[in-house]
Amino acid sequence: MAFELPPLPYNYDALEPYIDTQTMQLHHDQHHQAYVSNVNAALEKHPELNSKSIEELIININSLPKDIQATVCNNGGGHINHAMFWQIMAPHADGEPTGAIADVINDNFGNFENFKQRFNDSGVKQFGSGWVWLVRTPENRFEIISTHNQDSPITSGSFPIMGNDVWEHAYYLKYQNRRPEYLKQWWNVVNWDEINKRLQISMH
Ligand code: MN3
């Protein structure tokens, strides 16, 4: 029961001009595939874990065998983070948030512009590789946070409603060192329908 690379829900060039075709090919087919392959290789050493979902493995990372903890944290985290990432983007999605997520944003961050600014600031300030997130905390608060490397918010009990990848591999071919510009342009491909679905799931 090895984990598998989920197919992209659109073509490699679908997010042009905001995310370029070559970045999507490398990011999905090489980087995400490597996370999946590495976590599968680690789990081969511990077949007793074969029935666990990737979420169960990550949430219980500290109870996993020591020899695979770091590999599962980094690569299993990479797998779930990217599986979410492809889904929360879509072509021709360049609109304002709708439905319940629009209310969450307005109620907790004032308005969409302010939310975007705080989210982007958090992404810019994340030193080195990582992610910026909107999460629902165990105390039922909505917060913008950033994490290092492939650390997932679920390890601290928060539900990742949406997140943007600020590893250089996500933007360097097109934006080079201009991470702020990538963060700004990314909103053109945010799939609010999918994020509304994740918001619903976060309530259960
Ligand atoms: Mn990535």
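**Entry 1: getting my bearings**

Helices (H or I, at least four residues) and strands (E, at least two) are DSSP runs, numbered from the N terminus. With that settled, I looked up the elements and found eight helices and three strands in the protein. Reading from the N terminus, I noted the order α-α-α-α-α-β-β-β-α-α-α.

A reminder to myself: this is a predicted model, where local features need pLDDT of at least 70 and side-chain atom pairs count only at pLDDT 80 or more, while totals for chains, interfaces and linings use all residues. Residues are numbered from 1 along each chain as its sequence is written, and side-chain values use heavy atoms, with hydrogens and water left out.

**Entry 2: overall form**

I looked up the radius of gyration, taken over C-alpha atoms, and the globule rule, which is 2.2 Å times the number of residues to the power 0.38. The protein comes out at 17 Å, close to the 17 Å that the rule gives for 204 residues, so it is as compact as a globular protein of that length. The C-alpha trace spans about 50 × 40 × 30 Å along its principal axes.

Next came burial, where buried means under 20% relative accessible area, exposed over 50%, and partly exposed in between (1.4 Å probe, protein chains only). I found that 49% of the 204 residues count as buried.

I also checked contacts, meaning heavy atoms within 4.5 Å. Among contacts between residues at least 6 apart in sequence, 66% join residues at least 24 apart.

**Entry 3: the manganese site**

Which residues coordinate the manganese ion? I found His27 (NE2), His82 (NE2), Asp165 (OD) and His169 (NE2), at 1.9 to 2.1 Å. Donors here are N, O and S atoms within 2.8 Å of the metal (3.2 Å for Na, K and Ca); water is not among the atoms, so sites may look incomplete. Along the chain, the donors follow the spacing H-x54-H-x82-D-x3-H.

One pair of donors links distant parts of the chain: histidine 27 sits in helix H1 (residues 21–43) and aspartate 165 in strand S3 (residues 159–165), 138 residues apart. Are these two buried or exposed? Histidine 27 counts as buried because its relative accessibility is 1%. Aspartate 165 is buried too, with a relative accessible area of 0%.

**Entry 4: the sheet**

Two strands pair if DSSP finds at least two bridges between them. By that rule I have three strands in an open, antiparallel sheet, in the order S2-S1-S3. S2 and S3 are the edge strands, each pairing on one side only. On average, neighbouring strands are turned by 25° against each other, direction ignored.

Then I followed S1 (residues 130–136). S1 pairs with S2 (residues 142–148) in the antiparallel sense over seven bridges, and six bridges join S1 to S3, again antiparallel. Arginine 136 was a handy marker: opposite this residue in S2 is phenylalanine 142, and its bridge partner in S3 is phenylalanine 159. Glycine 130 has histidine 148 as its bridge partner in S2.

S1 and S2 form a hairpin with five residues between them, and asparagine 140 in the turn has a positive phi of about 70°.

How many residues of S1 are buried? I counted seven of its seven. In a regular strand the side chains alternate between the two faces of the sheet. In S1 both faces are covered, with Gly130, Val132, Leu134 and Arg136 on one side and Trp131, Trp133 and Val135 on the other.

Helix H8 (residues 192–202) packs on the sheet and touches S1, S2 and S3; its direction makes about 145° with that of S3. Axes for such angles are lines fitted to C-alpha atoms, for helices over the stretch in contact, and the angles run from 0 to 180 degrees between N-to-C directions.

**Entry 5: two residues I stopped at**

Methionine 162 lies in strand S3. This methionine is buried, with a relative accessible area of 0%. Leaving aside neighbours within four places in sequence, methionine 162 has contacts that include Met84, Phe115, Trp133, Trp187 and Ile195.

Phenylalanine 3 is in the segment before H1. At 18% relative accessibility, phenylalanine 3 counts as buried. With neighbours within four places set aside, its contacts include Val36, Leu43, Ile54, Leu57 and His79. Isoleucine 58 is 55 residues from phenylalanine 3 in sequence and 14 Å away in space, C-alpha to C-alpha.
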